Amino acid sequence: MIVCSCNVLSDGAVRACLSRGPDCPRTPAQVHACLGCSPKCGGCARTIRSIMQAALQGAAKESLGHACGEGCASSCSLVLFQSAEEGITA
Ligand code: FES
C-alpha cells in the first residue's frame with residue numbers, strides 16, 4: 001500500500017527502514033531520508049508514525065526489546081512512542 005503519494009513510498013518500504021540500531025529513523029522525516037527522499041506535503045506523517053508505533057508494538061510482542069546502545073535508546077522514536085503510550089515522559 002502506498003503511504004506517501006508524494007514520494008510513492010509503500011508501507012513495506014517504511015517498515016524496511018525501521019530496523020533497530022543506531023541508524024534507526026526517529027521521525028517521519030528521517031524515514032523519508034532513509035528512503036532517499038524528503039517530505040513534501042507532510043500528509044503521510046501520521047501514517048508513518050503509526051507504522052513506527054506498530055513496529056514497536058510488534059517488537060514488544062516478540063520480546064525483542066530495543067537493540068540500540070544507551071545513547072540511541074534515550075532518544076529513539078520507538079522508545080519515545082513506548083514511553084508516551086505508558087504515560088512516561090522522556
Ligand atoms: S504524502 Fe508524503 S510528503 Fe506528501
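**Figure 1. Burial and surface across the whole protein.** Buried residues account for 34% of the 90 residues in this predicted model. The protein exposes about 5,300 Å². Carbon and sulfur atoms supply 53% of that area. The fold holds 5 helices and 2 strands. Read from the N terminus, the elements follow the order β-β-α-α-α-α-α. Among contacts with a separation of 6 or more, 54% join residues 24 or more positions apart.

**Figure 2. The largest nonpolar core.** Which residues build the largest nonpolar core? There are 12 of them. V3, C4, L9, V14, C17 and L18 are part of the set. V31, C37, C44, I48, I51 and M52 complete the core. Two elements, β1 (residues 2-4) and α3 (residues 45-61), give two or more residues each. Helix α3 provides the largest share, with 3 residues. In soluble globular proteins, nonpolar side chains tend to be buried together.

**Figure 3. The salt bridge in helix α1.** How many salt bridges does the structure hold? It holds 1. The partners are R15 and D11. Their closest N and O atoms are 3.2 Å apart. That distance meets the salt-bridge cut-off, because a side-chain nitrogen of Arg has to be within 4 Å of a carboxyl oxygen of Asp. Both residues belong to helix α1, which covers residues 11-16. They are 4 residues apart, about one turn of the helix. R15 is partly exposed, at 48% relative accessibility. D11 is buried, at 16%. Side chains of opposite charge can pair when their charged atoms come close.

**Figure 4. The surroundings of D11.** Is D11 buried or exposed? D11 counts as buried because its relative accessible area is 16%, and the cut-off for buried is under 20%. Its place is in helix α1. Leaving out residues up to four places away in sequence, D11 touches M1, V3 and I51. Two of these neighbours, V3 and I51, are listed in the largest nonpolar core. The salt-bridge partner of D11 is R15.

**Figure 5. Two cysteines without a bond.** How many disulfides does the structure hold? The number is 0. This view shows C17 and C34. The closest cysteine sulfur to that of C17 lies in C34, 3.5 Å away. That is too far for a bond, because a disulfide needs the two sulfur atoms within 2.5 Å. From the side of C34, the nearest cysteine sulfur is that of C17. C34 is in no disulfide. The two residues also have their own burial values. C17 is buried, with a relative accessible area of 7%. C34 is partly exposed, at 42%. C17 is also listed in the largest nonpolar core.

**Figure 6. N7 in the loop between β1 and β2.** N7 is found in the loop between β1 and β2, the latter being residues 9-10. Where does its side chain find a polar partner? A polar contact of 3.4 Å joins the side chains of N7 and K40. N7 counts as buried, at 17% relative accessibility. Setting aside neighbours within four places in sequence, N7 is in contact with H32, C37, S38, P39 and K40. Of these, C37 is listed in the largest nonpolar core.

**Figure 7. V8, a residue with positive phi.** V8 lies in the loop between β1 and β2. N7 is found in this loop too. What is the phi of V8? It is positive, about 50°, although V8 is not a glycine. V8 is exposed, with a relative accessible area of 58%. N7, in contrast, is buried.

**Figure 8. S10 in strand β2.** S10 is found in strand β2. At 24% relative accessibility, S10 counts as partly exposed. Which residues does S10 contact, beyond its neighbours within four places in sequence? They are M1, I2 and V3. S10 and I48 are 38 residues apart in sequence. In space, their C-alpha atoms are 10.0 Å apart. I48 is listed in the largest nonpolar core.

Notes:
Residues are numbered from 1 along each chain as its sequence is written. This is a predicted model: local features need pLDDT of at least 70, side-chain atom pairs count only at pLDDT 80 or more; totals for chains, interfaces and linings use all residues. Side-chain values use heavy atoms; hydrogens and water are left out. Buried means under 20% relative accessible area, exposed over 50%, partly exposed in between (1.4 Å probe, protein chains only). Contact means heavy atoms within 4.5 Å. Accessible areas come from the Shrake-Rupley method with a 1.4 Å probe; for residues, only the protein chains shown count as cover. A nonpolar core is a set of buried Ala, Val, Leu, Ile, Met, Phe, Trp, Tyr and Cys residues joined through side-chain atoms within 4.5 Å. A polar contact is a pair of N or O atoms within 3.5 Å; within protein, one must be able to donate a hydrogen and the other to accept it, and residues adjacent in sequence count only if both atoms are side-chain atoms.
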